[in-house]
Amino acid sequence: MTDEKRGGDGRFRTVDRMLIALMILPLLLCIALKVLYTPEGSGGVDIAGAMIFFEIPAPLQPLIITESQVNSWAIMLSLLALCLYLTHGLTQKAETRRQLIAEWIVEKCEHLVGENMGERYAGYEYLVAAIMGLSAFSSLSCLIGLFAPTGDVNVTAGWAILVFCLVTYTKLQGGFLNYLKGFTEPIPLFTPMNFISEFSLPVSMAFRHYGNVMSGAVISALIGTALRGLSRALLGAIPVIGNIPLLQIGLPAILSIYFDVFSGLMQAFIFAMLTMLNVSGSFPQEAWEKRQARKERRRQRTAAARA
Amino acid sequence: MQSLSIISVNIWQILISFANLAILTWIMKKFLFKPVKKVLDERRENIDSAYARAEKAEAEAEEHRKNYDAAMRAAKQTTDQMISDAARMAERRGSEIENEARERAQEIRRQAEEDARLEKKKAEQDIRREIADVSTQLTEKLLEREMKPEDHRGLIDSFLQELDG
């Protein structure tokens, strides 16, 4: 590491090595878990959701800990280690490359949020950074053989519900009655449809992300299986080479670039964009202003009464 | 190992995922944005203060320059004044000296004229005395020659007349 040489003493480098190890270790553990728990390969098309590691009885539904949860936690730990690594030894002169990267990330997020949401929502840059990081790295985790957490509808549903809560919170800034009144617009007849459109937001966000990632995985699995079958049918007669699925070389890798890398990054960006636009778009500007004016009047009145 | 079916909804999983994103948001805020923003703010402050310092220094330099210019102008004025004073004084002194010299010259001339006049008078008197002596001697000589008295008189008279004329 060239940064550390400039950085100076040995302790510096040890900390950095530990952080890098902490970045990689959770992912390696996940791979180990996956290898340990994967059942003996069956010949047919094997398309299934996340593996269940264990189940805890709980009300309503059993609390199940699956691959997607464990992988999510591993990715979160990696991201935490990455954050610590990037922000370790920050100086005003920005002497290290990782500081430049950290500043670039922060400034990009600020810029993105500032451009799409405006001044009022400065606090959303943390959420946007978290969504982008978690979503992108979750989708990319299938490159190292892990089950992508974003391929599980429960994961994306959890995120979409968080966004829905934020949207509702933003709408409530204009007052609870205004929020309820918003459902009867433009005419009371539209109320059921407004309810549906309200709840379609988290559903559409969750399924869009999940569907893109999962469909990519399904297509990859189907094509892989088909190529294996084709290879066995064409080359099966040849003694040694026939046992190796030669046709599986090449095409799945190219498809993976699109389905795993491009689509995964795209969906992360789209999810973050939708979050920003939905939250900032749901803000009831007029109602909020009216409410603020009323509050101001009340404050003045009480001040006058006290005087 | 058991797997979930490809689409299955589990409320606890959704809840865990919700919490995961919330926690990661907090992590991002605490461990990435806060330290980086702190550094950025400090840098901005530093730059602002550096700019302020530079502006102040520039203003000070400008003021110094102005003061210096003013001092230079004042000095130049003073020296000009001094030079012109000196020139005027020198001129005056020169004309004084000239006048004095002229007066002195006139005095010397007057003195010389006076001297010449006195000298002349003295010379006249000397000549008169000389003439008297000569005439006396002449007279003695004439007397020695036994001249007639009328001749004698006439001679002296004509001589004196000649002298006066």
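Which domains does the domain assignment of chain A give? It gives domain 1 (1-33 + 50-116) and domain 2 (149-307), with bounds that come from an automatic or database domain assignment. Before going on, some ground rules: this is a predicted model, where local features need pLDDT of at least 70, side-chain atom pairs count only at pLDDT 80 or more, and totals for chains, interfaces and linings use all residues. Residues are numbered from 1 along each chain as its sequence is written, while chains are lettered from A and ligands numbered from 1 in the order in which they are written.

**The two chains**

Chain A has 10 helices and 2 strands, in the order α-α-β-β-α-α-α-α-α-α-α-α from the N terminus. Chain B has 2 helices and 0 strands. Here helices (H or I, at least four residues) and strands (E, at least two) are DSSP runs, numbered from the N terminus. The table puts some overall values for the chains together.

| Chain | Residues | Radius of gyration | C-alpha span along principal axes | Buried |
|---|---|---|---|---|
| A | 307 | 25 Å | about 100 × 65 × 40 Å | 30% |
| B | 165 | 64 Å | about 200 × 20 × 20 Å | 10% |

For chain A, a compact globule of 307 residues would have a radius of gyration near 19 Å. For chain B the globule rule gives 15 Å, and the value in the model is well over that, so chain B is more spread out than a compact globule. The radius is taken over C-alpha atoms, and the rule is 2.2 Å times the number of residues to the power 0.38. As for burial, a residue is buried if 20 or more other C-beta atoms lie within 10 Å of its own, exposed if 12 or fewer, and partly exposed in between, with C-beta atoms placed from the backbone.

Within chain A, 71% of the contacts with a separation of 6 or more are between residues 24 or more positions apart. A contact means that the C-beta atoms of two residues, placed from the backbone, lie within 7 Å.

**Where A meets B**

On to the interface: 44 residues of chain A are in contact with 38 residues of chain B. On the chain A side, β2 (63-66), α3 (67-86), α4 (97-116), α5 (124-140) and α6 (153-171) each supply at least two residues. That side has 33 nonpolar, 9 polar and 2 charged residues. In this count Ala, Val, Leu, Ile, Met, Phe, Trp, Tyr, Cys and Pro are nonpolar, Asp, Glu, Lys and Arg are charged, and the others, Gly among them, are polar.

**The shared core**

The largest nonpolar core has 64 residues, and those with the most contacts inside it are Leu79(A), Val128(A), Ala129(A), Ala130(A), Ile131(A), Met28(B) and Leu32(B). Such a core is a set of buried Ala, Val, Leu, Ile, Met, Phe, Trp, Tyr and Cys residues joined through C-beta atoms within 7 Å. Two or more residues each come from α3, α4, α5, α6, α8 (191-235) and α9 (251-281) of chain A, and from α1 (11-144) of chain B. Because domain 1 and domain 2 of chain A both give residues to this core, it lies between them.

Ala130(A) touches Leu21(B), Leu24(B), Thr25(B) and Met28(B), leaving out residues up to four places away in sequence.

**Helix α3 and Cys83**

Is α3(A) enclosed or open? With 17 of its 20 residues buried, α3(A) is largely enclosed by the rest of the structure. Its end C-alpha atoms are 28 Å apart, in agreement with the 28 Å expected at 1.5 Å a residue; the expected span is 1.5 Å times one less than the number of residues.

Cys83(A) is found in this helix, α3 of chain A, and counts as buried, with 25 C-beta neighbours inside 10 Å. Neighbours within four places in sequence aside, Cys83(A) is in contact with Ile27(B), Met28(B), Phe31(B) and Leu32(B). The C-alpha atoms of Cys83(A) and Leu19(A) are 9.4 Å apart, although 64 residues separate the two along the chain.

**Between the domains**

The C-alpha centres of domain 1 and domain 2 of chain A lie 23 Å apart. Across the boundary, 6 residues of domain 1 are in contact with 7 residues of domain 2. On the domain 1 side, α3 and α4 of chain A each supply at least two residues, and α3(A) has the largest share with 3 residues. By class this side has 2 nonpolar, 4 polar and no charged residues.

**An odd phi**

Most residues other than glycine have a negative phi. Leu60(A) is not a glycine, yet has a positive phi of about 70°. Leu60(A) sits in the loop between β1 (52-56) and β2 of chain A, and is exposed, with 8 other C-beta atoms within 10 Å.
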